[in-house]
Amino acid sequence: APSNWIKYCINNISCYEGKALDLACGKGRNSKYLASKGFNVISVDNNPENLRHIYGPNITKIEKDVEISKNWPITKHKFDMIVVSNFLCRKIFPNIMNSISKKGYLIYDTFSAGHEKIGRPRNKKFILKSKELLKLCKSMSLIFHEEVSVITLEKKYIKQRIFCKNV
């Protein structure tokens with residue numbers, strides 16, 4: 001199932017067309033959702049096994065390690081939507097920002113400080129500091145942001161989420 005945060009954000013925009021990038025897409029749960037909404041999706045992951053699970057109309061798969069700067073830009077075109085879920089590589093944030101078209105959107109959802117005490121990842125390299133996502137996206141116009149902590153029998157996570165627009 002796609003990320004609830006990504007579904008929530010997508011439902012708050014009026015235009016479901018254009019090019020979307022699902023960065024570090026894993027097995028493509030968000031790619032499939034974006035394609036079903038009308039986007040032409042580029043699904044990028046460094047794991048070919050993950051990419052084998054992704055199929056369907058309007059989805060193009062690219063095997064690429066996005067943590068390597070020389071692999072940017074991903075395509076010669078900018079994207080109207082970039083989604084990132086459960087992935088963090090701080091050094092590529094400028095590349096992500098430079099890949100969003102004018103009036104394009106960024107939806108980002110990943111682990112935040114404190115999460116390392118309740119689950120994986122535990123390495124601070126992959127965990128945002130408090131309010132760090134706001135700082136990393138300060139050049140964009142903020143639509144929504146939240147820092148959430150969910151601890152139930154089924155789920156345990158602490159995350160930061162942002163939805164912003166390149167204006």
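This is a guided tour of a predicted model, one selection at a time.

**Stop 1: the sheet**

Start with the strands. Select all seven of them: they form an open sheet with mixed pairing, in the order β3-β2-β1-β4-β5-β7-β6. At the two edges are β3 (59-63) and β6, each of which pairs on one side only. From one strand to the next, the twist averages 15°. As background, the strands of a sheet pair through backbone hydrogen bonds, either parallel or antiparallel.

**Stop 2: β5, β7 and β6**

Now keep the end of the sheet that holds β5, β7 and β6. Which way do β6 and β7 run relative to each other, parallel or antiparallel? They run antiparallel, and ten bridges join them. Follow the chain from β6 to β7 and you pass through a hairpin of four residues. To see one bridge of this pair, select Leu142, whose partner in β7 is Cys164.

On the other pairing, β5 and β7 are also antiparallel, with seven bridges between them. Select Thr110 here; its bridge partner in β7 is Gln160. While you look along these strands, keep in mind that in a regular strand the side chains alternate between the two faces of the sheet.

**Stop 3: a salt-bridge network on these strands**

Show side chains for Asp109, Glu146, Lys159 and Arg161. Salt bridges that share partners join these four residues into one network.

Begin with Arg161. Its salt bridge with Asp109 has the closest N and O atoms 3.3 Å apart. Arg161 belongs to strand β7 (residues 156-165) and Asp109 to strand β5 (residues 100-111), so this pair, 52 residues apart, links distant parts of the chain. Are Arg161 and Asp109 buried or exposed? Arg161 counts as buried because its relative accessibility is 12%, and Asp109 counts as buried too, at 2%.

Arg161 has a salt bridge with Glu146 as well, and there the closest N and O atoms are 2.9 Å apart. Glu146 is in strand β6 (residues 141-151), 15 residues from Arg161 in β7. With a relative accessibility of 27%, Glu146 counts as partly exposed.

**Stop 4: Lys159 and two rings**

Stay with Lys159 and add Phe111 and Tyr157. Lys159 lies over the face of Phe111, 5.1 Å from the ring centre. The charged end of Lys159 also sits over the ring of Tyr157, at 5.3 Å from its centre.

**Stop 5: another salt bridge**

The whole structure has six salt bridges. For one of them, select Glu132 and Arg90, whose side chains meet at 2.6 Å, N to O. Where in the chain are these two residues? Glu132 is in helix α5 (residues 132-136), while Arg90 is in the loop between β4 (79-85) and α4 (93-98), and the two are 42 residues apart. Glu132 is buried, with a relative accessible area of 10%. Arg90 counts as partly exposed, at 25% relative accessibility.

**Stop 6: the aromatic residues**

Hide the charged side chains and show the rings. There are five aromatic pairs in the structure. In one of them, Trp5 and Tyr8, the ring centres are 5.9 Å apart and the planes meet at 25°, so the pair is stacked. The cut-off for stacked is under 30 degrees between planes.

Both residues are in helix α1 (residues 4-10), where being three residues apart separates them by about one helical turn. The general reason is that an α-helix has 3.6 residues a turn, so residues three or four places apart point the same way.

Which of the two counts as buried and which as partly exposed? Trp5 counts as buried, at 6% relative accessibility, and Tyr8 as partly exposed, at 41%. Now add Tyr105, Phe144 and Phe163: together with Trp5 and Tyr8 they form one aromatic cluster.

**Stop 7: helix α2**

Last, select helix α2 (residues 29-36). This helix lies across β1 (19-23), β2 (40-45), β3 and β4, and runs at about 150° to β4. Which residues of α2 are buried? They are Asn30, Ser31, Tyr33, Leu34 and Ala35. Their cover includes α1, β1, β2, β3 and β4. After α2 comes Gly38, which has a positive phi near 115°.

How values were computed: Residues are numbered from 1 along each chain as its sequence is written. This is a predicted model: local features need pLDDT of at least 70, side-chain atom pairs count only at pLDDT 80 or more; totals for chains, interfaces and linings use all residues. Side-chain values use heavy atoms; hydrogens and water are left out. Rings of Phe, Tyr and Trp (its six-membered ring) pair if their centres lie within 6.5 Å; planes under 30 degrees apart count as stacked, over 60 as edge-to-face and the rest as tilted. Buried means under 20% relative accessible area, exposed over 50%, partly exposed in between (1.4 Å probe, protein chains only). A charge sits over a ring if NZ of Lys or CZ of Arg is within 6 Å of the ring centre and within 35 degrees of the ring normal. Two strands pair if DSSP finds at least two bridges between them. Axes are lines fitted to C-alpha atoms, for helices over the stretch in contact, and angles run from 0 to 180 degrees between N-to-C directions. Contact means heavy atoms within 4.5 Å.
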